[in-house]
Amino acid sequence: LTQEVAYGSLLLKRRKEIHEKIGNVIEDLYSERLEEYYEILAYHYERSDNKGKAVEYLDLANQKAFKTNAMEDAKGYFYKAMEILDTMPDTMENQEQRISLLVNQFFIFEQIFQLPEYYDLLLRYEPLSAEIKNTGMAGGFYSRMGGCELTFGLFDKAIQSETKAVELCEASGNAEEAGIAFTALLYCHLYKGDFEQVFALKEDVLRMTAEQFNFLSYVRSFFAASLAYSYLGRWDEAVAEGQSALKFAQEYADDGLISLAAASISLAYIFKGEMDQAIEYGEMAVKKAPTPMYKATAQVALASAWCRVGEPLKGIEILDTYVQIFRAGRFTAGEIVVSTNLAEGYLLAKAYDKAEQTTMEALDVAERCGTKFFVGRAHRLLGEIALENNFSKSSSHFEKSITIFKETKAENELAKAYAGIGRLYKKQGNTVQAQEYLTKSLEIFERLGTLIEPDKVKKELADLPPDEE
């Protein structure tokens, strides 16, 4: 109280002078370990007339908080810096400082599910980004716009923004921002089902990170490649990509990226059917996840595994929660993935009405966004659901899924669709067609090395009645 009374009795001008002197003394005394004092320096310079240093240290405190996964703190430092810039002269230097600050916030807002708020800021400052002379920074700005559009499921629009970002970044020699833009492009094509394009773009990311390293781009490119291989049914490659990401993340001791890499390995084992490994890596991902977004990715993987190992109700509860969270945060790309996992969970729990409703909702979003693989997966699930309660409707769904999986070369899902339509023919008494499709399915599963599914198909084949002469 004595301190507050003494402070309150000082004239405002004198207070500002004292705060600046304190900031100067801290800089002099701790020059060799200044990072420990970014927050304190920001506090004192904010309360001085040295607005330039206030913005500088708020920026540094923001990035420090991001590195330690203190995302809400990081967001607070960002908004304080922007408020101070509003009081400063509208010089080109300050304009670039504003855009630089804004560009650096994408991953912060992403990790706390607040990208709609961030995208509104980008739209507000887009005219300013066009005026700055730093083309590399402008490229970073359009990359962040594309990153938001990707998250919102606007994949074609995101591709336009990211392509523009790559052109600006490469023209200016900003390899780090070009790598970030290539990573976003890679994810656009992953969701659109263009898996070979994912692998090609990963090489672009690696080329850029070799010039100017960015650990987020590097690890996230391996995560996406792992998913693409999982969707294609190439299990060894899917696990290898995830393990490469995990090794690197562990070397950097980054819990968020360790969690992400472990989740990719868990998902690969889920698709393959190696469930002990899927649970092990899913639990590792959950344990290491430091932020809401990383926790979501990890828990979705683990919940999907639970659904497959006979605990669908346990998995459904988590998956349903994240569908609602993703929907509320406009994380449409994530909603598509989790909705189809949730629909499969309901199917495994034999809750067919809920399974159908959830799959139809997922299909509507997937078709609107143009995510071919997930459109195919939704149709396959609808075919499976119809087999249980109205098998006359299942044929068209299986046929649509087969067409899509052939186009995208998603062989494991294709084999599941063949098995589904084979069971349909079996129900209809068409033994010849049933045997043909079930045999096709088994051949693919065995060639891929998929587990669990081949035994199911063998049982269906064994139960077929003998052909009539």
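Me: Is the crossing of helix 15 and helix 16 left-handed or right-handed?
Reply: Left-handed, as helix 15 passes helix 16 (the near helix is turned anticlockwise from the far one by less than a right angle). Helices here are DSSP runs of H or I, at least four residues, numbered from the N terminus. The model is predicted, so local features need pLDDT of at least 70 and side-chain atom pairs 80 or more, while totals for chains, interfaces and linings use all residues. Numbering starts from 1 along each chain as its sequence is written, and side-chain values use heavy atoms, without hydrogens and water.

Me: What angle do they pack at?
Reply: About 160 degrees between helix 15 (residues 255-272) and helix 16 (residues 275-288), with axes 7 Å apart. Axes are lines fitted to C-alpha atoms over the stretch in contact, and angles run from 0 to 180 degrees between N-to-C directions. The two helices are therefore roughly antiparallel (over 145 degrees).

Me: Which residues meet?
Reply: Ile-258, Ala-262 and Tyr-269 are among those in helix 15, and Tyr-281 and Met-284 among those in helix 16 (heavy atoms within 4.5 Å). By class, that contact has 11 nonpolar, 4 polar and 2 charged residues. Asp, Glu, Lys and Arg count as charged; Ala, Val, Leu, Ile, Met, Phe, Trp, Tyr, Cys and Pro as nonpolar; the others as polar.

Me: New topic. How many residues line the largest pocket?
Reply: 29, with Leu-348, Glu-384, Arg-423, Glu-453 and Lys-456 nearest its centre. A pocket is an open set of points on a 1 Å grid where a 1.4 Å probe fits, with protein on both sides within 12 Å along at least five of seven lines; lining residues have an atom within 4 Å of a point.

Me: Which helix gives the largest share of that lining?
Reply: Helix 23, with 5 residues. By class, the lining has 13 nonpolar, 2 polar and 14 charged residues.

Technical notes. Angles under 35 degrees count as roughly parallel, over 145 as roughly antiparallel, 65 to 115 as roughly perpendicular and the rest as oblique.
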